[in-house]
Amino acid sequence: MTETRRPDDAEAAPLISDEEARRIEALEAQYDPEMNFRPVAPWLQKGIAWSLVTLGLYHFYTAGFGIPREQWHKGIHLGVVLALIFMSFGASKRASRTLRQPGVLAPGGVPAIDWLLAILALMAALYVPMTFTGLTWPIALTTMNFRIGSPTLSDLIFGTILIVVALEAVRRAMGWVLPIVVLCFLGYGAFGYMEAFGVLMIPPSKWSDLVNHLYLTTEGLYGVPVKVISTIVFHFVLFGVIAQKMGLGKFFIELAQVVAGRLSGGPAKVSVLASSLFGTISGSSIANTVTTGSLTIPAMKRIGYPGHFAGAVEAASSTGGQITPPIMGAAAFLMVEFLEIPYTTIIIAAATPALMHYIAVLAMVHFEAKRLGLKGLEPHEVPKARTVLKNGWHTAAPLVILVYVLFAGYTPYLAAFWGISSAIAIGWPPIAAATAVLAIGLTLADVVALKFDPITFSLFGLSLAIGFARYSRRLDRQSLTAAFAMGSKYALAVGAAGAAVGIVVGIITLTGVTFRLGYMVTQSALDVVDFMAALTAALPIDIVGAGGDKFALFSVDAATLFISLLFIAVACVMMGAGLPTTALYIMLQAIATPALGNLGVPPIAAHLFVLYYGVLADLTPPVCVSAYAAGGIAGANPFRTGTTAFRLGNAKVMVPFVFVYAPTMLIVVGDFDLWEYLSVVGTCVAGIILLGAALTGYLTAPLGMVWRLLLAVSAVLFVAPSWESNWIGAALLLPVAAQQLLARRQAARPAP
């Protein structure tokens with residue numbers, strides 16, 4: 001696409017070229033299996049592309065003009081998503097890389113079996129809405145209300161087909177991790193009555209009972225996961241892609257360069273800030289990594305950062321987008337659904353912990369730059385603030401409008417609709433104006449019903465005015481259709497994952513296993529506490545107060561909670577390996593949050609806890625998909641990049657424990673006390689910064705191993721939300737501070 005500029009835009013840096021955009025897309029496909037579509041014949045490639053565009057337009061239209069009956073909406077979404085997966089992904093990695101010779105057995109280069117699976121997926125997904133009110137032909141079926149609990153043969157056949165094709169679609173799009181988890185739960189639902197399951201033993205269930213619950217009710221395949229993905233997640237993914245296409249991503253990167261480019265280790269700090277801003281509109285940590293990393297990682301290497309460290313900075317920063325308001329990889333809207341609390345409450349609660357993550361990464365980036373003696377960018381390499389703001393401020397308007405509509409109390413999908421509409425209005429105002437006139441005319445003629453109020457429509461009008469005033473063809477027909485297709489691409493894997501996770505949620509609701517899992521976690525933690533008490537029985541001080549008159553460091557309840565949190569954190573990281581944030585959170589909240597609830601953890605703290613540790617899997621070797629992508633761009637060892645990224649993301653490891661023990665950090669839990677909040681956050685920030693210095697080996701001067709260990713212990717004690725631990729941490733910090741002062745004085749002395 002060729003960009004036309006106004007005369008006063010002459011100082012503006014050019015937009016990312018088409019060639020650069022294709023390179024970024026290729027990188028994303030290389031490291032993100034969810035975007036690696038197989039080669040097909042040209043006619044079929046066009047058909048798939050237009051099917052993706054149509055799917056995106058359908059969701060955009062329903063967001064603004066009203067979602068059809070829920071059964072039809074979920075059926076259309078799920079059927080089309082599964083069918084497109086079978087057309088777009090091969091049955092194996094080899095099949096996804098090579099073009100099969102088109103012929104009778106492979107129309108368009110897609111094997112006939114995949115065509116059959118696509119048709120079966122579409123039929124099985126649409127069967128429920130088509131038969132919801134009953135059928136007289138070709139078979140006689142009563143309404144769904146009379147079939148639930150007593151499924152017919154056709155119900156069982158189509159239900160079994162949808163379960164099978166959903167698992168196969170997820171396997172093709174995402175790999176084996178999630179299908180294996182789902183199969184384990186299905187096996188538990190079918191065979192959990194056996195004695196071998198012990199405390200997890202459940203009453204016997206027939207296959208027909210499982211299919212009935214998973215297929216005909218709203219507790220399984222058509223449950224909350226598919227509902228939220230089809231009505232919220234899809235729309236925000238689409239918004240993020242279109243906002244990026246019309247220049248918001250570029251504005252974020254340039255704004256970060258203005259703020260941090262000239263500082264010590266400037267490109268790394270630019271990476272942190274740019275990725276945090278980009279994370280507000282992107283639901284994919286890999287997309288964030290390759291988009292911002294393709295620009296920041298080479299700059300980091302150029303000024304002297306090692307390749308593995310440069311990749312790790314980008315990976316750690318990009319995964320932070322999953323916990324950054326206002327969208328949080330769509331997890332914020334899922335929490336609204338599960339917790340039944342206002343959206344604003346979620347955003348306020350998530351803000352401070354997200355800030356802690358970025359402070360930790362920035363601190364380690366700064367100490368590493370000081371340790372290596374790195375400088376920032378040269379003045380001529382940093383864009384001027386006035387130029388960046390003049391040429392890019394308007395690209396942030398759609399995000400502001402989206403957030404306003406959300407905070408005004410409207411539905412999330414309506415907010416996404418006006419955000420997308422505003423982005424198109426600014427990027428391509430003529431088509432937006434023409435479409436708006438048509439939509440208003442059809443609404444006044446009572447053909448459709450556009451959902452708007454005077455304020456939101458005025459904001460859209462303002463976006464049109466901005467677009468015409470600054471018209472530079474940031475969007476056109478080609479780029480807009482590509483954005484709708486790309487948005488649908490992003491939504492395919494997560495759409496199938498929603499159906500698969502729905503199976504897990506359905507088995508959980510059918511068996512009530514979460515209460516047993518919570519009991520097992522608590523009991524295991526108590527066993528560990530008893531073991532610790534036995535080990536320290538001969539000492540004058542108890543580690544845990546298991547009885548007697550000796551002084552105890554911890555109470556039994558406190559020790560049980562801490563060990564339970566450790567168990568759940570490890571389980572969350574393991575289960576989150578390679579899963580998208582949305583599907584991961586849905587599954588973890590169903591499995592882990594009840595156990596935390598049993599321990600007295602506030603619901604919102606429990607949900608944020610499992611989300612944080614689930615997202616941490618993106619940085620944790622051996623999976624660490626974001627680190628692999630960043631390592632690939634940096635030309636560094638991906639495993640070493642992953643371990644470094646995990647070290648940079650240390651705040652994600654510690655901060656969840658802080659807001660569980662001190663929920664005041666979340667602001668919205670209980671009676672808010674400003675002094676208590678400031679003290680908890682202040683000591684947490686101090687501890688995070690000190691831990692960054694300990695892990696880097698540099699504070700104001702190099703640190704030896706003994707001093708690093710002492711500083712690390714001090715940092716952890718500062719992070720712990722307790723004045724007693726804070727004072728002990730301050731005492732341990734004093735000798736480190738003295739050592740650093742002496743080291744700086746020695747370094748400042750002139751050589752003899």
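The following paragraphs lead through several sites of this structure, from an enclosed cavity to individual residues. The model is predicted, and residue numbers run from 1 along the chain.

The first topic is enclosed space. Rolling a probe the size of a water molecule over the atoms shows where empty space is left. Across the whole structure, two cavities of 30 Å³ or more are found. The second largest cavity has a volume of about 30 Å³. Its lining is formed by Gly247, Lys250, Phe251, Glu254, Val388, Asn391, Gly392 and Arg474. Two helices, H11 (248-260) and H17 (385-392), each contribute at least two residues to the lining of the second largest cavity. In character, this lining comprises two nonpolar, three polar and three charged residues.

Attention now turns to histidine 213, a residue of helix H9, which covers residues 207-216. Is histidine 213 buried or exposed? Histidine 213 has a relative accessible area of 13%, and because the limit for a buried residue is under 20%, histidine 213 counts as buried. Leaving aside residues up to four places away in sequence, histidine 213 touches Glu219, Gly220, Gly506, Thr509 and Leu510. With one of these contacts, glycine 506, there is also a polar approach: a polar atom of the histidine 213 side chain lies 3.2 Å from the backbone oxygen of glycine 506.

The cysteines come next. How many disulfides does a search of the whole structure find? The search finds zero disulfides. For cysteine 184, the closest cysteine sulfur belongs to cysteine 572 and is 17 Å away, so the separation is too far for a bond. Seen from the other side, the sulfur of cysteine 572 has that of cysteine 184 as its closest cysteine sulfur, again at 17 Å and too far for a bond. A disulfide would require the two sulfur atoms to be within 2.5 Å. Cysteine 572 is also buried, with a relative accessibility of 1%.

The last site is alanine 662, which is located in the loop between helix H30 (650-661) and helix H31 (674-696). Although it is a loop residue, alanine 662 is buried, its relative accessible area being 8%. When residues up to four places away in sequence are not counted, alanine 662 touches Val680 and Pro721. Alanine 662 can also be placed relative to leucine 616: the two are 46 residues apart in sequence, and their C-alpha atoms are 21 Å apart in space.

Notes:
Predicted model: local features only at pLDDT ≥ 70, side-chain atom pairs only at ≥ 80, totals over all residues. Heavy atoms only, no water. 1 Å grid on protein atoms, 1.4 Å probe; cavity = no way out; pocket = protein on both sides within 12 Å on 5 of 7 lines; lining within 4 Å. Points joined across faces, edges and corners; volume = space filled by probe spheres on them. Helix = DSSP H or I, 4+ residues; strand = E, 2+ residues; numbered from the N terminus. Nonpolar A, V, L, I, M, F, W, Y, C, P; charged D, E, K, R; others polar. Buried < 20%, exposed > 50% of the residue type's maximum accessible area, 1.4 Å probe, protein only. Polar contact = N/O pair within 3.5 Å; in protein donor to acceptor, adjacent residues only side chain to side chain. Contact = heavy atoms within 4.5 Å.
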